[in-house]
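The following exercises concern the arrangement of strands and helices in one structure. Each task is followed by a solution in steps.

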Amino acid sequence: MIGCAKPSVALIGPGRLGQAVTALLRQQGYPITAIVGRDRQRTAEAARFIGAELMATTDINRCAPADIILIATTDDQLATTAAQLCDTVPLGDSTLLVHCSGLHPAQVLKHSADMPQHVLAMHPLQTFASGEQGMKSLAGCFFSLEGDSQAVEQGQQLVSDLGGESFIIEGQYKARYHAAACMASNFITTLIDSAGEVLRPCNPQQDIPLSVLGPLIRTAVENSLTLGPKTALTGPIVRGDDGTVASHLEQLKRHHPDLVALYQQLGLQTVDLAQRSNRLSAAKGEKISNILSQSDDERDSD
Ligand SMILES: NC(=O)c1ccc[n+]([C@@H]2O[C@H](COP(=O)([O-])OP(=O)(O)OC[C@H]3O[C@@H](n4cnc5c(N)ncnc54)[C@H](OP(=O)(O)O)[C@@H]3O)[C@@H](O)[C@H]2O)c1
């Protein structure tokens, strides 16, 4: 496509991801022909952010001439939005319909088996808290692509123009793939929140802020990715310090009983990782696992 005019793009669902991707495509020379939302004011604001103010509309028919239609509504709205599009808008046969859901296969956009348009699932392994942050975070991120070969080929060009890298995935694996993505993103966020809850009241004079965990979290993540989890793992479990683990559990039970099960489950998974790294003996691993597996009643009777 280098040297050729870029295909035109219409966006349905100008939320966090839709704004980031469409704004970046516009910067890369893709003509934006429509920004379709449900609420006039929110859609106008999104179109302004994208740099296509005049393209804001609540009329889905404005998508008709676009070469590529990006449907970035919530996951639950994808099928109904695609059905509405195919039922009411005179689409060209070569129009590409794209969604960015991590869960759904491209097929969710196939309103009928004989519709001629190609469909593509193009999912960025990235988190978009806002259009602005998303735009900055797209460069260098990995996208999974799923769809027929022509759709995937177009997806590879889109991803390359967005500054990302792509890999292909089959539709049947998407739910498992998306579980991994949520564990790596949402669950890390939840874990940081939980660690902050435990840390905050550790100074009775003044709350300890979450930010003091920043360097520790960043180094742990960076080491896990560069050295691999087996080498990156440190701490009482891999050292075999069973007394430390017992003290943690005792304190959590007293002050944060809602977090005991989380600590126990992650602790057991950490014992497994430590043993796979050949740095925790079977005997120590069993002792720590027993401490972590004790129920409340068993701990109370100790
Ligand atoms: N955010 C992320 O980190 C992320 C990461 C990877 C993939 N994704 C995927 O990206 C897609 C969008 O997610 P998001 O986080 O950007 O969601 P979002 O911020 O909630 O945006 C959804 C947008 O769709 C609009 N919308 C909903 N139904 C519509 C309809 N029927 N017609 C027109 N517009 C409609 C919403 O408008 P209103 O303002 O009227 O509600 C909103 O602007 C999802 O498929 C998601 O799985 C998101």
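**Exercise 1.** In this predicted model, determine the order of the strands in the open sheet and which strands stand at its edges.

*Solution.* The open sheet is formed by eight strands, in the order S3-S2-S1-S4-S5-S6-S7-S8, with mixed pairing. Strand S3 (56–57) and strand S8 (165–168) each have a single partner strand, so one side of each lacks a neighbour in the sheet and these two strands stand at the edges.

**Exercise 2.** Describe how strands S5 and S6 pair, and state which helices pack on the sheet.

*Solution.* Strand S5 (residues 96–99) pairs with strand S6 (residues 118–124) in the parallel sense, over four bridges. Within this pair, Val98 is opposite Leu120 of S6. Helix H1 (residues 16–27) packs on the sheet and touches S1, S2, S4 and S6, its direction making about 170 degrees with that of S1. Helix H6 (residues 174–184) lies across S5, S6, S7 and S8 and runs at about 25 degrees to S6.

**Exercise 3.** Establish how helices H12 and H13 are oriented to each other, and which residues make their contact.

*Solution.* Helix H12 (residues 260–276) and helix H13 (residues 282–293) pack with their axes 9 Å apart, at an angle of about 170 degrees. Angles over 145 degrees count as roughly antiparallel; H12 and H13 are therefore roughly antiparallel to each other. On the H12 side, the contact is made by Tyr263, Gln264, Gly267, Leu268, Val271 and Gln275. H13 contributes Ala282, Gly285, Ile288, Ser289, Leu292 and Ser293. The contact residues divide into six nonpolar, six polar and no charged.

Key. Residues numbered from 1 in each chain as written. Predicted model: local features only at pLDDT ≥ 70, side-chain atom pairs only at ≥ 80, totals over all residues. Heavy atoms only, no water. Axes fitted to C-alpha atoms, helices over the stretch in contact; angles between N-to-C directions. Parallel < 35°, antiparallel > 145°, perpendicular 65-115°, else oblique. Contact = heavy atoms within 4.5 Å. Nonpolar A, V, L, I, M, F, W, Y, C, P; charged D, E, K, R; others polar. Pairing = 2+ DSSP bridges.
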